[in-house]
Amino acid sequence: PNSRWYTGSGVNRNVWLRTVNKTHFCRWGTFVVTPQITANAATVHISASIVQGVRDLKLEAVILDEEGKKAASCLSPVKNAADTSITFAEQNLVIKNPILWSPAHPYLYKITLQLLHKGKVLDNYTVNTGLRSFSFDSKSGFSLNGVQMKIKGVCMHENLGALGSAVNNSA
């Protein structure tokens, strides 16, 4: 219906069919943030959207360091959904003496979440995360983990629309 083109249009890329349990983590529904970080401890807040096929679930979170050692863990009940099949679970875990992520030292922790029902694992989800804090200030600019640094990057958005991505000086 229009003359705009996009290289990702149509089904011309890999497609996967996922089969899931009736009770499972929602696709793209898990969020990890680090609201408080000090040299002594980092709070890791996990929020997960869950399709609740059964009631009385438990959420287990385990955080492993890069060596595979347990840095923190938590097991808590999931609030039963009232009149919808989707519920939300939240946990706060504390990692003592955290190793912070930075461009010079991109240290990652591995977070594994499991949905448990009567001791049986119904679904699991794993995400890697780096612990870091950042801030923007009008006077000092961007800071990562309390250290001022410059942001490097470019905006490579296609601006020629229907003309395509070939260099066109008159456009």
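**Why is it called that? A chat about a ten-strand chain**

Student: Why does tyrosine 109 count as buried?
Tutor: This is a predicted model, and in it tyrosine 109 has a relative accessibility of 3%. Buried means under 20%, so tyrosine 109 gets that label.

Student: And what makes tyrosine 107 buried?
Tutor: The reasoning is just like before. Tyrosine 107 has a relative accessible area of 8%, and the cut-off is under 20%, so tyrosine 107 is buried.

Student: How many aromatic pairs does the structure hold?
Tutor: Five of them. In one of these, the ring centres of tyrosine 107 and tyrosine 109 are 5.2 Å apart, and the planes meet at 65°. Centres have to lie within 6.5 Å, and planes over 60 degrees apart count as edge-to-face, so this pair is edge-to-face.

Student: Then what makes the pair of phenylalanine 136 and phenylalanine 142 tilted?
Tutor: Their centres are 5.1 Å apart, with 50° between the planes. Under 30 degrees would be stacked and over 60 edge-to-face, with the rest called tilted, so 50° makes this pair tilted.

Student: Is phenylalanine 142 buried or exposed, and how do you know?
Tutor: Phenylalanine 142 sits at 15% relative accessibility. Buried means under 20%, so phenylalanine 142 is buried.

Student: What about its partner, phenylalanine 136: buried or exposed?
Tutor: Phenylalanine 136, which belongs to strand β8 (residues 134-137), comes out at 59% relative accessibility. Exposed means over 50%, so phenylalanine 136 counts as exposed.

Student: Which residues form one aromatic cluster?
Tutor: Phe134, Phe136 and Phe142. Phe134 and Phe136 also turn up in a nonpolar surface patch with Ile151, and together those three have about 390 Å² of accessible area.

Student: Where does serine 143 lie, and what is it in contact with?
Tutor: Serine 143 is part of strand β9 (residues 141-144). Setting aside neighbours within four places in sequence, serine 143 is in contact with Ser133, Phe134, Ser135 and Gln148.

Student: Why does serine 143 count as buried?
Tutor: Serine 143 has 12% relative accessibility. Since buried means under 20%, serine 143 makes the cut.

Student: Let's go back along the chain. What makes cysteine 26 buried?
Tutor: Cysteine 26, in strand β1 (residues 24-37), has a relative accessible area of 15%. The limit is under 20%, so cysteine 26 is buried. Neighbours within four places aside, cysteine 26 is in contact with Ser49, Ile50, Val51 and Ile86. Its C-alpha atom is 9.8 Å from that of glutamine 52, although 26 residues separate the two along the chain.

Student: How do you know that arginine 27 lies over the face of tryptophan 28?
Tutor: Arginine 27 is 4.6 Å from the ring centre. The distance limit is within 6 Å, and there is an angle test too, within 35 degrees of the ring normal. The distance fits, and arginine 27 is listed as lying over the face of tryptophan 28.

Student: What makes glutamate 67 and lysine 69 a salt bridge?
Tutor: Their side chains meet at 3.3 Å, N to O. A salt bridge needs that distance within 4 Å, so the pair qualifies. A search of the whole structure finds one salt bridge. Glutamate 67 and lysine 69 are both exposed.

Student: Is lysine 118 buried or exposed?
Tutor: Lysine 118 has 78% relative accessibility, and exposed means over 50%, so lysine 118 is exposed. You'll find lysine 118 in the loop between β6 (109-117) and β7 (120-129). Its phi is positive, about 55°, although lysine 118 is not a glycine.

Student: Why is asparagine 145 called partly exposed?
Tutor: Asparagine 145 has 21% relative accessibility. Buried is under 20% and exposed is over 50%, so 21% falls in between and asparagine 145 is partly exposed. Asparagine 145 is in the loop between β9 and β10 (147-148), and also has a positive phi of about 55° without being a glycine.

Student: How many helices and strands does the chain have?
Tutor: Zero helices and ten strands. Of its 171 residues, 31% count as buried. Among contacts with a separation of 6 or more, 57% link residues 24 or more positions apart. The chain exposes about 12300 Å², and carbon and sulfur atoms supply 53% of that.

Methods: Residues numbered from 1 in each chain as written. Predicted model: local features only at pLDDT ≥ 70, side-chain atom pairs only at ≥ 80, totals over all residues. Heavy atoms only, no water. Helix = DSSP H or I, 4+ residues; strand = E, 2+ residues; numbered from the N terminus. Buried < 20%, exposed > 50% of the residue type's maximum accessible area, 1.4 Å probe, protein only. Contact = heavy atoms within 4.5 Å. Patch = residues over 30% accessible without salt bridge, like charges linked within 9 Å, V, L, I, M, F, W, Y side chains within 5 Å. Areas by Shrake-Rupley, 256 points an atom, 1.4 Å probe, with all protein chains shown as cover. Phe/Tyr/Trp six-rings, centres within 6.5 Å; stacked < 30°, edge-to-face > 60°.
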